[in-house]
Amino acid sequence: MSTIGTPAPLATVEEGIPTAREQRRGARARRIRGSRPGIWTYGILGAVFLSAVFPLYWSFVIGSGDSTTLRGDFPWIPGGNFIENALSVISNPAVNFWPALWNSIYSSFLIAAAVVITSTLAGWAFAKLRFHGGPALLVFVIATMAVPQQLGVVPLYILFSELGWTGQIGAIIIPALTSAFGVFWMTQYLRQAVPDELIEAARVDGASMIRTFWTVGMTAARPAAAMLFLFTFVGAWNNFFWPFIVLDRQNPTLPVALSLLQSNYFVDYSVVLAGVILATIPLLLLFIFAGKQLVSGIMAGAVKG
């Protein structure tokens with residue numbers, strides 16, 4: 001019998017043809033090789049890093065000099081007077097450095113903690129609870145971010161003046177206990193991070209809504225809440241406008257206290273920038289110790305799907 005036209009064996013035909021799994025692995029390897037950063041990526045990142053670090057380095061250079069540092073050419077090498085300038089800031093009776101430092105730590109921590117709690121509760125309600133007017137109320141909350149803070153200064157000052165709270169640290173804590181951005185951020189995060197089936201399973205097991213929020217919502221929201229806490233703390237720490245208006249010189253926050261270094265006729269910028277470095281050190285320590293939570297909060301959801 002002739003064998004002309006007989007199809008080749010299946011093993012012979014498929015020999016050398018990669019399987020679907022091998023094709024997917026090859027495509028994934030090509031994507032990984034193609035996504036490796038090149039020299040332009042490192043160059044751009046280096047430029048961004050230098051532009052972010054240079055103001056801090058410049059402040060340290062000037063803060064480690066003396067009153068004649070800015071009269072000549074720009075000094076690229078730090079001097080040896082930083083400790084002396086820092087001690088002059090701390091010992092300045094007009095600054096009240098230690099009470100101002102405690103006020104900044106105390107108020108910033110309370111504001112950040114309150115914003116995380118209220119934003120997580122509101123975000124859970126907007127993301128996972130169904131009630132009449134919910135979407136419209138969320139739009140209204142987001143729209144409040146377009147209102148400038150300066151518009152509320154006069155009525156807030158009149159209110160706290162009538163309550164007798166001007167000059168007290170509570171006057172800067174109470175208006176900042178909630179955040180429209182925090183509500184929007186936690187709403188978007190919880191809407192994607194917590195599946196509805198998980199909530200239904202918890203309710204079937206007999207958990208109340210509060211217990212479901214505490215065991216499911218708070219656990220899932222931890223990375224986003226950590227990032228919100230850090231950025232709210234930094235924003236409250238650096239806030240100058242409202243504390244400068246409502247607080248007095250006997251009970252200031254650190255930015256308000258450091259502004260008193262420029263109230264004289266002659267301003268020694270080496271002392272002023274030494275104070276700026278002292279006010280920046282707590283934030284640097286916070287980012288060093290909480291950097292892992294910050295990165296996990298930013299990257300949360302980026303690897304989903």
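**Cores, ring pairs and helix packing**

Asn96 counts as partly exposed, at 27% relative accessibility; here buried means under 20% relative accessible area, exposed over 50%, and partly exposed in between, with a 1.4 Å probe and protein chains only. The structure is a predicted model, in which local features need pLDDT of at least 70 and side-chain atom pairs count only at pLDDT 80 or more, while totals for chains, interfaces and linings use all residues. Residues are numbered from 1 along each chain as its sequence is written, and side-chain values use heavy atoms, with hydrogens and water left out.

Asn96 sits in the loop between helix 4 (82–90) and helix 5. Helices (H or I, at least four residues) and strands (E, at least two) are DSSP runs, numbered from the N terminus. The backbone of Asn96 has a phi near 55°, a positive value in a residue other than glycine.

From this loop the path leads to the interior. A nonpolar core is taken as a set of buried Ala, Val, Leu, Ile, Met, Phe, Trp, Tyr and Cys residues joined through side-chain atoms within 4.5 Å. The largest such core has 26 residues, of which Trp124, Ile172, Leu190, Val194, Trp242 and Val246 touch the most other members. At least two residues of this core come from each of helix 5 (97–128), helix 7 (153–163), helix 8 (170–173), helix 9 (180–193), helix 11 (209–220), helix 12 (222–238) and helix 13 (241–246). The greatest contribution, five residues, is that of helix 5. A second core, separate from this one, has 20 residues, including Leu101, Ala112, Leu278 and Leu283.

The surroundings of Trp242 can be listed by contact, meaning heavy atoms within 4.5 Å. Leaving aside residues up to four places away in sequence, Trp242 touches Gln149, Val153, Leu156, Tyr157, Phe160, Ala171, Ile172 and Pro175.

Two further residues show how helix 5 and helix 12 are placed. Val116, which lies in helix 5, is buried, with a relative accessible area of 12%. With residues up to four places away in sequence not counted, Val116 touches Ala225, Leu228 and Phe229. The C-alpha atoms of Val116 and Met186 are 8.8 Å apart in space, although the two residues are 70 apart in sequence. Thr232 belongs to helix 12 and is buried, at 15% relative accessibility. Its contacts, again not counting residues up to four places away in sequence, are Ile111, Ala112 and Val115. The side chain of Thr232 also reaches the backbone oxygen of Leu228 at 2.6 Å. A polar contact is a pair of N or O atoms within 3.5 Å; within protein, one must be able to donate a hydrogen and the other to accept it, and residues adjacent in sequence count only if both atoms are side-chain atoms.

Aromatic rings add another set of pairings. Rings of Phe, Tyr and Trp (its six-membered ring) pair if their centres lie within 6.5 Å; planes under 30 degrees apart count as stacked, over 60 as edge-to-face and the rest as tilted. By this rule there are 11 aromatic pairs. Phe126 and Phe131 have ring centres 6.1 Å apart and planes at 40°, so this pair is tilted. Phe126 is buried, at 13% relative accessibility, whereas Phe131 is partly exposed, at 38%. Phe240 and Phe244 form a stacked pair, 5.1 Å centre to centre with 25° between the planes. Phe240 has a relative accessible area of 34% and is partly exposed; Phe244, at 45%, is also partly exposed. In addition, ring pairs join Phe109, Phe229, Phe233 and Trp237 into a cluster.

Side chains of opposite charge can pair when their charged atoms come close. A salt bridge here is a side-chain nitrogen of Lys or Arg within 4 Å of a carboxyl oxygen of Asp or Glu, and the structure holds one. It is formed by Lys128 and Asp196, whose closest N and O atoms are 3.0 Å apart. Distant parts of the chain are linked in this way, since Lys128 is in helix 5 and Asp196 in helix 10 (residues 196–204), 68 residues apart. Lys128 is buried, with a relative accessible area of 13%, while Asp196 is partly exposed, at 35%.

Helix 6 (residues 134–143) closes the tour, with Gly134, Leu138 and Val141 buried. These residues cover an arc of only 60° around the axis, which puts them on the same side of helix 6; the arc is that of the directions from the helix axis to the C-beta atoms. An α-helix has 3.6 residues a turn, so residues three or four places apart point the same way. Pro135, Ala136, Val139 and Phe140 are exposed on the other side of helix 6. The buried residues of helix 6 pack against helix 5 and helix 9.
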